[in-house]
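Visitor: Could you take me through the surroundings of the ligand in detail, and then through whatever else in the backbone and the ring contacts deserves a careful look?

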Amino acid sequence: MFNLVLFGPPGSGKGTHAIRIKEKYNLFHFSTGEYLRAEINNKTELGLRAKEFINKGNLVPDDLVFEIIESLIEKHKGVNGFILDGFPRTIIQAEQLDKAQTKINESVSMVLSLVVDEDELMKRLIKRGEETGRHDDNEAIIKRRFDVYNRQTSPLIEYYKNQDKYYEIYGLGSVDSIFGRITNIIDAYFANIK
Ligand code: AP5
Ligand code: MG
């Protein structure tokens, strides 16, 4: 099974590229952020709990998120592989994922990290906020999301470098050119394991 972690700060293009990667490689795409926003829209108990964190730009507690991931993996055992978009986001989540994967003889195959500077990210997210009304896409909350990414999520870079699974992709330019960089890395991975 090919288990891809799509990594990067808010607005770096995880969702944009996940859709394309999913089609090209026939993988199951799961965005924790999208899942949680759907729960909020449906006013479920989980949504109500998650809302207070998301709307402030903070992370939802690890255990809550991990329960979602665990049941996802369990439910979709037959798939070719997963694209995890926006998960893991803390060292604890990465450790929880490693443990759960080991139990079923699986592991994270690679971590693709989209690298984009904060000025560009801010521009993208402000624009999306104006176009779609996504609640956490306003300047103050975006800054908070950057801060949370830098403090809680970026330590995962070292974590996955230590496992030899970390690949950086320059995330500026046209979506097509960035997608080309992504597929080069994934194709090289498949060529190597053959
Ligand atoms: P989540 O939904 O994951 O948000 P995020 O990480 O902040 O990232 P975004 O979805 O905003 O950006 P993206 O990288 O997907 O970029 P996109 O392709 O959309 O998480 C939201 C919240 O949920 C978190 O803050 C947290 O509260 C909670 N949460 C989620 N996962 C969690 C977890 N594991 N643990 C705890 N809490 C969790 O692109 C952005 C914009 O840029 C789009 O408008 C796009 O069209 C545009 N764009 C894309 N590529 C380009 C390009 N090359 N050039 C110009 N524009 C581009
Ligand atoms: Mg996204």
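Guide: A word on classes comes before the description: Ala, Val, Leu, Ile, Met, Phe, Trp, Tyr, Cys and Pro count as nonpolar, Asp, Glu, Lys and Arg as charged, and the others, Gly among them, as polar. With that division, the shell around ligand 1 in this predicted model is made up of 11 nonpolar, 11 polar and 8 charged residues. Of the 30 residues around ligand 1, those that come nearest are Thr16, Thr32, Asn58, Arg89 and Arg128.

The shell can also be read by secondary structure. At least two of its residues are supplied by each of the helices α1 (14–25), α2 (32–41), α6 (118–132) and α9 (175–193), and it is α2 that gives the most, with 4 residues. As for the site itself, ligand 1 sits in the largest pocket.

Individual polar contacts add detail to this picture. On the backbone side, an N or O atom of Gly13 lies 3.1 Å from an oxygen atom of ligand 1, while a polar backbone atom of Gly15 is 2.9 Å from an oxygen atom of the ligand. Gln93, by contrast, takes part through its side chain, one polar atom of which lies 2.9 Å from a nitrogen atom of ligand 1. Taken alone, ligand 1 exposes 1000 Å², and the protein buries 86% of that area.

Turning from the ligand to the ring contacts, the structure holds 8 aromatic pairs. One of them joins Phe28 and Phe82 in an edge-to-face arrangement, with 6.0 Å from centre to centre and 75° between the planes; the edge-to-face label applies because planes over 60 degrees apart are counted in that way. This pair links distant parts of the chain, since Phe28 belongs to strand β2 (residues 28–31) and Phe82 to strand β3 (residues 81–85), 54 residues apart.

Two places in the backbone remain to be described, and they are best read against a general background: most residues other than glycine have a negative phi, and most peptide bonds are trans. The peptide bond from Phe87 to Pro88 is cis, with omega near -5°, and Pro88 is found in the loop between β3 and α5 (91–103). Lys43, although it is not a glycine, has a positive phi of about 55°, and its place is in the loop between α2 and α3 (45–54).

Note on methods
Residues numbered from 1 in each chain as written. Chains lettered and ligands numbered in written order. Predicted model: local features only at pLDDT ≥ 70, side-chain atom pairs only at ≥ 80, totals over all residues. Heavy atoms only, no water. Near = heavy atom within 4 Å. Polar contact = N/O pair within 3.5 Å; in protein donor to acceptor, adjacent residues only side chain to side chain. Areas by Shrake-Rupley, 256 points an atom, 1.4 Å probe, with all protein chains shown as cover. 1 Å grid on protein atoms, 1.4 Å probe; cavity = no way out; pocket = protein on both sides within 12 Å on 5 of 7 lines; lining within 4 Å. Sits in = over half its atoms within 2 Å of the grid points. Phe/Tyr/Trp six-rings, centres within 6.5 Å; stacked < 30°, edge-to-face > 60°.
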